[in-house]
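Reader: I would like a close look at one part of this model. Please take me through it step by step.

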Amino acid sequence: KDYKVITSENDIVLDAFLGSGTTCAVAHKLGRQWIGLENGNQLDDICVPRLETVINGQDNNQVSQNNNWNGGGGFTYYSIEELLE
């Protein structure tokens with residue numbers, strides 16, 4: 001599949017149900033900005049570690065291979081509790 005036809009480079013992708021972080025991982029590899037929302041323990045347990053492997057170039061799947069992804073970039077995440085303080 002050619003996911004590049006759905007969004008363009010530098011678009012912002014919103015994933016309101018982050019789950020395991022796949023949408024944001026692919027968006028990152030395709031040069032998109034992204035926002036992911038999650039309200040469970042999987043944010044720290046699954047999503048952040050997954051996205052760290054993307055940044056470090058260790059998430060070597062078909063999307064990585066098709067786009068010559070070797071890592072790079074970064075992300076910041078916040079919890080609602082931190083924002084309300």
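Reader: How much space lies in the largest pocket? Please also tell me what lines the pocket, and what the helix that gives the most to the lining does elsewhere.

Author: A word of caution comes before the numbers: this is a predicted model. The largest pocket holds about 460 Å³ of space.

Start with the wall. The lining of the largest pocket counts 20 residues. Nearest the pocket's centre lie Gly36, Glu38, Leu43, Tyr77 and Tyr78. By class, twelve lining residues are nonpolar, six are polar and two are charged.

Now the elements. At least two lining residues come from each of β2 (33-36), α2 and α4 (80-84). The most come from α2, which gives four.

Follow α2 (42-55) away from the pocket. The largest nonpolar core has twelve residues. They are Val13, Leu18, Cys24, Ala25, Ala27, Trp34, Leu43, Cys47, Val48, Leu51, Val54 and Trp69. Both α1 and α2 supply at least two residues of this core. Again α2 gives the most, here with five residues. Leu43 is worth a second glance. It is one of the core residues, and it is also among the residues nearest the centre of the largest pocket. A general tendency fits here. In soluble globular proteins, nonpolar side chains tend to be buried together.

Take one core member, Cys24. Neighbours within four places in sequence are set aside here. Cys24 then contacts Asp15, Leu18, Trp34, Ile35, Gly36 and Leu51. Among these, Leu18, Trp34 and Leu51 belong to the core as well. Gly36 leads back to the pocket, as one of the residues nearest its centre.

Charged side chains come next. The structure has two salt bridges. One joins Asp59 to Lys29, with the closest N and O atoms 2.7 Å apart. This pair ties together distant parts of the chain, 30 residues apart. Asp59 sits in the loop between α2 and α3 (62-66), while Lys29 is in helix α1 (residues 22-29). The other salt bridge brings Arg50 and Asp59 together, at 3.8 Å from N to O. Lys29, Arg50 and Asp59 thus form a linked network of salt bridges.

Is Asp59 buried or exposed? It is buried, and Lys29 is buried too. For Asp59 the reasoning is short. Its relative accessible area is 13%. Buried means under 20%, so Asp59 counts as buried.

Definitions and conventions
Residues are numbered from 1 along each chain as its sequence is written. This is a predicted model: local features need pLDDT of at least 70, side-chain atom pairs count only at pLDDT 80 or more; totals for chains, interfaces and linings use all residues. Side-chain values use heavy atoms; hydrogens and water are left out. A salt bridge is a side-chain nitrogen of Lys or Arg within 4 Å of a carboxyl oxygen of Asp or Glu. Buried means under 20% relative accessible area, exposed over 50%, partly exposed in between (1.4 Å probe, protein chains only). A nonpolar core is a set of buried Ala, Val, Leu, Ile, Met, Phe, Trp, Tyr and Cys residues joined through side-chain atoms within 4.5 Å. Contact means heavy atoms within 4.5 Å. On a 1 Å grid over the protein atoms alone, a cavity is a set of points where a 1.4 Å probe fits but cannot get out, and a pocket is an open set with protein on both sides within 12 Å along at least five of seven lines; lining residues have an atom within 4 Å of a point. Grid points are joined across faces, edges and corners, and a volume is the space filled by probe spheres set on the points. Ala, Val, Leu, Ile, Met, Phe, Trp, Tyr, Cys and Pro count as nonpolar, Asp, Glu, Lys and Arg as charged, and the others, Gly among them, as polar.
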